[in-house]
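Here's a quick tour for anyone meeting this structure for the first time. Have a look at the model, then read on for the main points.

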Amino acid sequence: MPQPPGAARPPKRILSVGECMVEMSHAGDGLWRQGFAGDTLNTAWYLRALLPEDWAVDYFTVLGTDPLSEAMVRFMRDAGIGTGCIPRHPDRVAGLYMISLKDGERSFTYWRDRSAARTLADDTTQLQAAVEGADLLYVSGITMAILNDDGRTTLLDRMAKSRAEGTRVAFDPNLRPKLWKDAASMCRVIEEAAARADIVLPSHDDEAAHFGDASLGETARRYAALGAGEVLVKNGGGAMALSLAGAAPVILPAPGMVTPLDTTGAGDSFNAGYLAARLTGCDPHQAMLRGHALAARVVRHFGALMPHDRLDTLR
Ligand SMILES: O=C(O)C(=O)C[C@H](O)[C@H](O)COP(=O)(O)O
């Protein structure tokens, strides 16, 4: 509907869907720091830091009624992330993960088998209500991994419907074999989800390990062939590949590597930098540079989430 002159434009809205967990990360001297993180929340966190105020960034998951679930919702709300559509499960609690580091490269141990978030697609109406009105829907392979078969079908349908209704759908395959029953189901569901996305943001090392892609270009081509109009293949801080509208991939040189302290959140923060730039009018090359600049900061920090006030200069 046309707006009367001078009327404020309604806010644009991103909805990120997935699981936020209690995070235990290194604090030095054998101590552990408790935070909150999870790939889709990490991207929402950095999107909130980067996007102007006329964008709403909302998160959809399911949490428990336990004190840590309460603290998690407060944590998101205090950061300016919308939590209004997060339902509570009466008997399940928030999941937990711990970061182990070897030369700055992270690996994760999870306690999330019965987390509340696993039920996020059990109620179709609730999910649909959360997605309604979103300009961008953001989902990852981890979101897919934590659901049961019915939940996966529900979320895949929602992605397809939202896309048909004009919501842009962005997807990071974020391959986590530990969360899947076997590699074949992981690869099948990841491709089904990617086939319902406009923007796909895979990481080449994971894709090479699980899909056998011999090059960055091959990863880009594979996802473009599934129907994504925009595929940006991340590459651990090195040169990346971009495929637009099914055209042959081009290689984008990256501006230089940094020595990481903890790579947790590198991919998620890159996605936020890239998407925030794309949503505010940058071309994919500029957006890649923004994503890279943010991820280069994040890997110099322990844990997935850097405080917003340390990101001021990136806005
Ligand atoms: O593994 C999960 O389920 C999590 O959500 C924990 C982590 O916060 C992200 O996985 C970090 O993701 P990267 O940006 O790829 O380092």
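**Around the ligand**

The side chain of Arg-106 puts an N or O atom 2.9 Å from an oxygen atom of the ligand. Keep in mind that this is a predicted model. With that said, here's what else turns up around the ligand, and then in the two sheets.

- Gly-267 joins in through its backbone, with a polar atom there sitting 3.0 Å from an oxygen atom of the ligand.
- Asp-268 uses its side chain instead: a polar atom of that side chain is 2.9 Å from an oxygen atom of the ligand.
- How much of the ligand's accessible area does the protein cover? On its own the ligand has 400 Å² of accessible area, and the protein covers 97% of that.
- There are 18 residues around the ligand, and the ones that come nearest are Asp-39, Tyr-110, Arg-112, Arg-176 and Gly-265.

**The four-stranded sheet**

- This one is an open sheet with mixed pairing, and its four strands go in the order 3-2-5-6.
- Strand 3 (32-37) and strand 6 (105-111) are the edge strands, each pairing on one side only.
- From one strand to the next, the twist averages 30°.
- Helix 2 (residues 67-78) packs on this sheet, where it touches strand 2 (21-26) and strand 3. The direction of helix 2 makes about 65° with that of strand 3.

**Strands 5 and 6 up close**

- Strand 5 (residues 96-102) and strand 6 run antiparallel, joined by seven bridges.
- Arg-106, the residue whose side chain comes 2.9 Å from a ligand oxygen, is the bridge partner of Leu-101.
- Tyr-110, one of the residues that come nearest to the ligand, is in strand 6 and has Tyr-97 standing opposite.
- The two strands form a hairpin with two residues between them, and in that hairpin Asp-103 takes a positive phi near 50°.

**The eight-stranded sheet**

- The other sheet to know about is open too, with eight strands in the order 4-1-7-8-9-10-11-12 and mixed pairing.
- Why is one side of strand 4 and of strand 12 left without a neighbour in the sheet? Strand 4 (55-60) and strand 12 (250-252) stand at the edges and each has a single partner strand, so one side of each has no neighbour there.
- Strand 10 (residues 230-233) and strand 11 (residues 240-244) run antiparallel, with four bridges joining them. Val-231 has Ser-243 in strand 11 as its bridge partner.

**What the record says**

- UniProt, in an unreviewed entry, lists residues 13-304 as "domain: Carbohydrate kinase PfkB".
- Over residues 13-304, the chain is 39% helix and 21% strand, and the end C-alpha atoms are 23 Å apart.

Terms used. Residues numbered from 1 in each chain as written. Predicted model: local features only at pLDDT ≥ 70, side-chain atom pairs only at ≥ 80, totals over all residues. Heavy atoms only, no water. Pairing = 2+ DSSP bridges. Axes fitted to C-alpha atoms, helices over the stretch in contact; angles between N-to-C directions. Contact = heavy atoms within 4.5 Å. UniProt positions renumbered as here; feature names shortened; annotations may be inferred. Near = heavy atom within 4 Å. Polar contact = N/O pair within 3.5 Å; in protein donor to acceptor, adjacent residues only side chain to side chain. Areas by Shrake-Rupley, 256 points an atom, 1.4 Å probe, with all protein chains shown as cover.
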